Amino acid sequence: MKNLFLPVGLLISFVVAWLFPALGNQLKELGLIPWTVVAIFIVNGYQTKLSELPKDKHFFSALAAAGIITLLLAPLLGSVVAHFLAFGSGMALGLIVKATVPSTLSTCIVMTQLAGGNALWALMITVILNVIGVFTIPMMLSLTLGGADGIALSPWDLLFKLILLVLLPFIGGLAAKRLLSLSPNHIVLQYLPSSCVIAAVWMSLSSSNDVFRSLEWGVLLKILIATFVVHFGLMALAWMASRLLKTPNEGVVALLLTSSQKTLPVAVSVLAALNQQVGEAILVCVLFHFIQLFADASLVPKMAKRWQQA
């Protein structure tokens, strides 16, 4: 049920934004999207257990490899793919932002566990990269998007906004855990982050309903190709890194997924911080998210079988 909540909710948000955009647009105009992002990271901080950080040297080498691949190389790959496919400024913004953000906050952890990999490695790599990403995202977006037509980007302004939207709420969530007795696994906390992502996507799509409705099949095909190239390109780099670093079998899956899966909440927070029309960009981010989830869901059984035989 929990694994289906986000994808089903995103599908519903598509339909509602398509049919009834007025309410979502009004809520966006009230400035609610940044507050959904803040709520996401307060909960993520509350649920994080830093005491579980592995001390194994193989973990730290995998962490470094995942960081280099997903935070530094991925934005460059996204920029090249956007240029090669002749994306317009809105679509290029969406693809490059999605490529620049860190690992998915829950999906790659669940999939790592299902594939027989080290879920604790996946959890800790994800948490650490999401914190580091607050500082790398402005730098890499400035490098890949600086001077692009129709895109206004101030790296220092974006860094300040990401600290407010992501880092401080995350730290606040960590601190709140010492003060509150509410279980991190409470059902409300289990579903609140996904609900906030769905709400933010709904409001963003509603405010750009005209762009949403004008999409052509050729554009959707381009997004599909771009997603496959970026996602599986990153996974291939992670595979080569795992061979070079002689990563233990149980850690390989964690490295592959944390290096290639890209988080939607942080992408939404970055777009929310830019203060401009991002209808095309948010659509690219959401479609990228769907495609990577379905592609990796088909790979998980094969990964599980491989590591059982290893």
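## A walk through an all-helix chain, starting at Lys 246

Let us begin at Lys 246, which sits in the loop between H11 and helix H12 (249-260). Helices here are DSSP runs of H or I with at least four residues, strands are runs of E with at least two, and both are numbered from the N terminus. Before going further, please note that this is a predicted model, in which local features need pLDDT of at least 70 and side-chain atom pairs count only at pLDDT 80 or more, while totals for chains, interfaces and linings use all residues. Residues are numbered from 1 along each chain as its sequence is written, and side-chain values use heavy atoms, with hydrogens and water left out.

Lys 246 is a good place to pause. Its phi is positive, about 55°, although the residue is not a glycine. Lys 246 is also exposed, with a relative accessible area of 69%; buried means under 20%, exposed over 50%, and partly exposed in between, for a 1.4 Å probe and protein chains only.

Now step back to the whole fold. The protein chain has 14 helices and zero strands, so reading along the sequence gives α-α-α-α-α-α-α-α-α-α-α-α-α-α. With a radius of gyration of 18 Å, close to the 19 Å that the globule rule gives for 310 residues, the protein chain is as compact as a globular protein of that length. That radius is taken over C-alpha atoms, and the rule is 2.2 Å times the number of residues to the power 0.38. Along its principal axes, the C-alpha trace spans about 50 × 50 × 40 Å.

What share of the 310 residues counts as buried? The figure is 52%. Contacts (heavy atoms within 4.5 Å) say something about how the chain is put together: among those between residues at least 6 apart in sequence, 87% join residues at least 24 apart. On the outside, the accessible surface comes to about 14000 Å², of which 70% belongs to carbon and sulfur atoms. Such areas come from the Shrake-Rupley method with a 1.4 Å probe, and for residues only the protein chains shown count as cover. The protein chain carries 17 positive and 10 negative side chains, and the centres of the two sets lie 12 Å apart. Here Lys and Arg count as positive and Asp and Glu as negative, with His and the chain ends not counted; each charge is placed at NZ of Lys, CZ of Arg, CG of Asp or CD of Glu.

Return now to H11, the helix that Lys 246 follows. Helix H11 covers residues 217-245, and at 1.5 Å a residue its 29 residues should span 42 Å; the end C-alpha atoms are 42 Å apart, which agrees. The expected span is 1.5 Å times one less than the number of residues. The buried residues of H11 include Ile 223, Val 230, His 231, Leu 234 and Met 235.

Which residue of helix H4 can be linked back to Lys 246? It is Ala 62, in helix H4, whose C-alpha atom is separated from that of Lys 246 by 9.6 Å, with their places 184 residues apart along the chain. Ala 62 is buried, with a relative accessible area of 0%. Leaving aside neighbours within four places in sequence, Ala 62 is in contact with Trp 121, Ile 125, Leu 245 and Leu 255.

Follow helix H4 along and you meet Phe 84, which counts as exposed at 70% relative accessibility. Phe 84 and Glu 29 are 55 residues apart in sequence and 35 Å apart in space, C-alpha to C-alpha. Ala 86 then lies in the loop between helix H4 (57-84) and helix H5 (89-100). Ala 86 has a positive phi of about 55° although it is not a glycine, and at 56% relative accessibility it counts as exposed.

A few other helices complete the tour. Gln 113 lies in helix H6 (residues 107-114) and counts as exposed at 56% relative accessibility. Gln 113 and Ala 254 are 141 residues apart in sequence, yet 8.7 Å apart in space, C-alpha to C-alpha.

In helix H3 (residues 33-47) you will find Thr 36. Is Thr 36 buried or exposed? At 10% relative accessibility, Thr 36 counts as buried. Beyond its neighbours within four places in sequence, Thr 36 is in contact with Cys 196, Ala 200 and Met 203.

Finally, look at Ile 171 in helix H8 (residues 155-179). Ile 171 is partly exposed, with a relative accessible area of 42%. The C-alpha atoms of Ile 171 and Gly 45 are separated by 6.1 Å, although the two residues are 126 residues apart along the chain.
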